[in-house]
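Below is a short report on one protein chain. Look at the model first, then read on.

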Amino acid sequence: MPHILIVEDETIIRSALRRLLERNQYQVSEAGSVQEAQERFTIPSFDLIVSDLRLPGAPGTELIKLAQGTPVLIMTSYASLRSAVDSMKMGAVDYIAKPFDHDEMLQAAARILRDRQTAQAGGEAVPGKAANGAAKSGTDNSNGEIGIIGSCPPMQDLYGKIRKVAPTDSNVLIQGESGTGKELVARALHNLSRRAKAPMISVNCAAIPESLIESELFGHEKGAFTGASAGRAGLVEAADGGTLFLDEIGELPLEAQARLLRVLQEGEIRRVGSVQSQKVDVRLIAATHRDLKSLAKIGQFREDLYYRLHVIALKLPALRERGADVNEIANAFLARQSARINRTDLKFAADAEQAIRHYSWPGNVRELENAVERAVILCESPEISAELLGIDIELSDLEDDEFIGLPPQQGNGNASNNNHEPTEDLSLEDYFQHFVLEHQDHMTETELARKLGVSRKCLWERRQRLGIPRRKTGVASES
């Protein structure tokens, strides 16, 4: 069992991280500062050290030399990407920004430990550690070495392309709608490449102010601009030997595009304010939800850069195009979110399963994850309904053979048998009206909505549109 040391002065964060790692079969020790870690533990004996950057006394980067080769993962709650760059230059194996996603932390820890194990196994046998080394093998497992959930044909095709492209140094452009998981594809390309042991630096081009983007990417010299009190390395330089992932590259200003083109053409950078160039060995992976070719035609994106990026293009399908994958992904999110709040009884109700499958998910995987997280937090019963997910599916959106409402014969036996034949050929609108009128005497609104596979809100709206009055409470008993 891998042994991880957490060094974090915030007790709440430290305890939460410890619980997360222990639930995932890691042995964990903790300290509140570098000094405490030195006093209590033999630091090089750990398999991984996860440390905050800002600590009382010495900074977390001090652990890099104290670790004597043990990988150090730096956490930072500070928005400056430069802190992460400095940590990487000092020898940190990776960095993670707080507040971090639990899966992001677990994936980072697993990747670092796997790489360390592979490196050790390359020099000499490491007892008890050979089994996990298979994670790097060429097994056809999308949840293994690629790490993406889903098995629909478009995703299987994508996995095949990832395996072919990853070992090369070709530039890759990942296209897809927002929220489809483009960074997961970039991470898979990096992990399966010969650069896997070097850093992968991820940059969201849309999140950095235009006035700072060149300095952040390419670095600057002292005095290059107001406030530049010291020279700084840029993110491209930090990715030297590894992979640079530029998300939303369509938002990159034209001047920065020209500098990036030089990196791709000449393999060199020049810091802002410098006259000296320096060589860099960086593989570029870019991602966008925009049509770069159209932007190039109207002068909003450099055409020469577009063709440099478009060596290999990978297209991520939207969630609505992935068929049954959506339910598999939803169940994975449900398991993750349930574990976070220590609940093991939660599951999706039948209406929720159908709603998840048929909803268009304009926000893709990100929207699905947020919907499941919200539902898990708010759910008071073991079953999560479509209403709790915030999904309204109109019956007219579904094909007749996919209609999820139970036919009347499964409700009230006598009435159903008498009406079975006439309802066979009813339209969905007629079926809805027929079912509601027939069963509202002995079903609550919640039960009606569940049988019809819609939310209570959708049931109410359709009642209004079709002019179906809601039966008043007590009418049946009075008559």
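How many bridges join strand β6 to strand β11, and in which sense do the two strands run? The answer is 4 bridges, between β6 (residues 172–175) and β11 (residues 283–288), which run parallel. Within this pair, Ile174 has Ala287 of β11 as its bridge partner.

This is a predicted model: local features need pLDDT of at least 70, side-chain atom pairs count only at pLDDT 80 or more, and totals for chains, interfaces and linings use all residues. Residues are numbered from 1 along each chain as its sequence is written, and side-chain values use heavy atoms, with hydrogens and water left out.

**Overall**

The protein chain holds 22 helices and 14 strands. Both are DSSP runs numbered from the N terminus: helices are H or I with at least four residues, strands are E with at least two. Of its 479 residues, 47% are buried. Buried means under 20% relative accessible area, exposed over 50%, and partly exposed in between (1.4 Å probe, protein chains only). The accessible surface comes to about 23,200 Å². Carbon and sulfur atoms own 47% of that surface. These areas come from the Shrake-Rupley method with a 1.4 Å probe. Among contacts (heavy atoms within 4.5 Å) with a separation of 6 or more, 67% join residues 24 or more positions apart.

**The parallel sheet**

The β6–β11 pair belongs to an open sheet of 5 strands, in the order β7-β8-β11-β6-β12, with parallel pairing. Strands pair if DSSP finds at least two bridges between them. The edge strands are β7 and β12 (312–315), each pairing on one side only. From one strand to the next, the twist averages 20°. Helix α8 (residues 182–191) packs on the sheet and touches β6, β7, β8, β11 and β12. The direction of α8 makes about 150° with that of β6. Such angles run from 0 to 180 degrees between N-to-C directions, with axes fitted to C-alpha atoms, for helices over the stretch in contact.

At one edge, β7 (residues 200–204) pairs with β8 (residues 243–247) over 5 parallel bridges. Met200 has Thr243 in β8 as its bridge partner. Strand β7 is largely enclosed by the rest of the structure, because 4 of its 5 residues are buried.

**Nonpolar cores**

A nonpolar core is a set of buried Ala, Val, Leu, Ile, Met, Phe, Trp, Tyr and Cys residues joined through side-chain atoms within 4.5 Å. The largest one has 34 residues. Ile201, Val236, Leu244, Leu246 and Ile249 touch the most other members. Elements giving two or more residues to this core include β7, β8, β11 and α11 (254–266). The largest share, 5 residues, comes from α11. Beyond its neighbours within four places in sequence, Val236 is in contact with Leu217, Phe218, Leu244, Val263, Ile269, Val280 and Val282. Another core of 23 residues lies apart, with Val326, Phe333, Leu334 and Ala355 among them.

**An annotated aspartate**

An unreviewed UniProt entry annotates Asp52 as "modified residue: 4-aspartylphosphate". Such annotations may be inferred rather than shown by experiment. Asp52 sits in strand β3 (residues 48–52). Asp52 is buried, with a relative accessible area of 5%.

**Positive phi outside glycine**

Two loop residues are listed here.

| Residue | Phi | Loop | Relative accessible area |
|---|---|---|---|
| Gln68 | about 55° | between α3 (62–66) and β4 (72–76) | 65%, exposed |
| Asn342 | near 60° | between α14 (325–340) and β13 (347–348) | 62%, exposed |
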